[in-house]
Amino acid sequence: MATYKILSLDGGGLRGLITARMLQRLNDDPDITGWLNKVDLVAGTSTGGILALGLAAGKSPQEICNLYKNKGPEIFDDSIWDDIRDLGKTVGAEYSNKALKKELRAIFGATTLAQLSKKVAIPTFDLDNEATDTSQRSWKPKIFHNFVGSDSDGASLASDVALYTSSAPTYFPSANGYIDGGVFANNPSLVAVAQAISQSNKPAERASIDDVALLSVGTGISLTYIKGPSHN
């Protein structure tokens, strides 16, 4: 029987409400009540990252549902003044991140990743590693996590990491040089497994691949396509 349980939550913007509702329904099922408490590692990208961090901070899926329902219109407020400022999205992101930043700070306060009750793995993308050796300077994926080790991000604020992973290009501006992890891992399940079995972690925190059970939750299917064989 699997002894190490991973919950992986995809990105998907406001469709994260679907994920939150599904988790709430599952957690309320009398046959598996309290299963969320037994999860060892929660991974999430973008909106899934906010959910993952919220769950690891002890928030219920219902509380996170309320964020989407009650604060969504403020977070995704595209006012006439915003359109004037960014020339109708020509020279700026579609939405300001001020409302999102405010709500994330209200949810997480000064909580750091090290203070979360569960392990987390949150994909983001670092636009500039600021390497001293310019030959090594580049952008790169960045996984924020609270596993013990020299690369731990335990001191990082949960509110900051939530903002980084949800800073979707063209929708929100970058945050401290980071953008939405969905540009490389919108489904973070493999990221989570790799983190769980990584040899760099302390043995007490590491899982054997044979012990892992993973539930990966998406945000539905977006039926979008671009017609035609050639595009400029």
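Let's start with burial. Of the 232 residues in this protein chain, 43% count as buried. Keep in mind that this is a predicted model.

Now the layout. The chain holds eight helices and six strands. Reading from the N terminus, the order is β-α-β-α-α-α-α-β-β-α-β-α-α-β. How much of the contact comes from residues 24 or more positions apart? Take the contacts with a separation of 6 or more: such residues account for 71% of them.

On to the interior. The largest nonpolar core has 36 residues. Inside it, L7, L9, L53 and L113 have the most contacts. Which elements supply at least two residues each? Two strands do: strand 1, at 4–9, and strand 3, at 119–126. Helix 1 does too, along with helix 2 at 47–56 and helix 3 at 61–75. Helix 5, at 98–108, and helix 6, at 158–165, complete that list. Helix 2 gives the most, with six residues.

There is another core, and it lies apart from that one. It has eleven residues. Among them are Y4, A43, A192 and V193.

Let's look at L7 itself. Leave out residues up to four places away in sequence. L7 then touches L23, W35, L36, V39, L41, V42, A43, L55, L215 and V217.

One of those partners, L23, takes us to helix 1, where L23 is buried. Helix 1 covers residues 16–28, which makes 13 residues. From first C-alpha to last, helix 1 reaches 18 Å. That is close to the 18 Å expected at 1.5 Å a residue. Which of its residues are buried? G16, T19, A20, L23, Q24 and N27 are. Those residues cover an arc of only 135° around the axis, so they sit on the same side of helix 1. The general rule helps here. An α-helix has 3.6 residues a turn, so residues three or four places apart point the same way.

Helix 2 is our next stop. Here the buried residues are T47, G48, G49, I50, L51, A52, L53, G54, L55 and A56. That is ten of ten, so helix 2 is largely enclosed by the rest of the structure. Just after helix 2 comes G58, with a positive phi of about 90°.

Stay with L53 for a moment. S117 is 64 residues from L53 in sequence. In space, the two are 9.9 Å apart, C-alpha to C-alpha. S117 is found in the loop between helix 5 and strand 3. Buried or exposed? S117 counts as exposed, because its relative accessibility is 61%.

Now a helix pair. The axes of helix 5 and helix 6 come within 8 Å and cross at roughly 145°. The crossing is right-handed. Which residues meet there? From helix 5 we have L100, K101, L104, R105 and F108. From helix 6 we have A158, S159, A162 and L163.

Helix 8 is next, at residues 189–197. Its buried residues are S189, V191, A192, V193, Q195 and A196. What covers them? The cover includes strand 1, strand 2 at 41–44, strand 3 and strand 4. It also includes helix 7 at 182–185 and strand 6 at 212–217.

Last, the loops. Begin between strand 3 and strand 4, the latter at 140–145, where S138 lies. S138 counts as partly exposed, because its relative accessibility is 34%. S138 and L127 are eleven residues apart in sequence and 7.3 Å apart in space, C-alpha to C-alpha. Leaving out residues up to four places away in sequence, S138 touches L127, D128 and N129.

E130 has its place in the loop between strand 3 and strand 4 as well. Its phi is near 55°, a positive value in a residue other than glycine. For background, most residues other than glycine have a negative phi. E130 is exposed, because its relative accessible area is 60%.

T170 also has a positive phi, near 80°, and T170 is a residue other than glycine. Where is T170 found? Look in the loop between helix 6 and strand 5, at 178–180. T170 is exposed, because its relative accessible area is 59%.

That's the tour.

Methods:
Residues are numbered from 1 along each chain as its sequence is written. This is a predicted model: local features need pLDDT of at least 70, side-chain atom pairs count only at pLDDT 80 or more; totals for chains, interfaces and linings use all residues. Side-chain values use heavy atoms; hydrogens and water are left out. Helices (H or I, at least four residues) and strands (E, at least two) are DSSP runs, numbered from the N terminus. The expected span of a helix is 1.5 Å times one less than its number of residues. Buried means under 20% relative accessible area, exposed over 50%, partly exposed in between (1.4 Å probe, protein chains only). The arc is that of the directions from the helix axis to the C-beta atoms. A nonpolar core is a set of buried Ala, Val, Leu, Ile, Met, Phe, Trp, Tyr and Cys residues joined through side-chain atoms within 4.5 Å. Contact means heavy atoms within 4.5 Å. Axes are lines fitted to C-alpha atoms, for helices over the stretch in contact, and angles run from 0 to 180 degrees between N-to-C directions. A crossing is left-handed if the near helix is turned anticlockwise from the far one by less than a right angle, and right-handed if clockwise.
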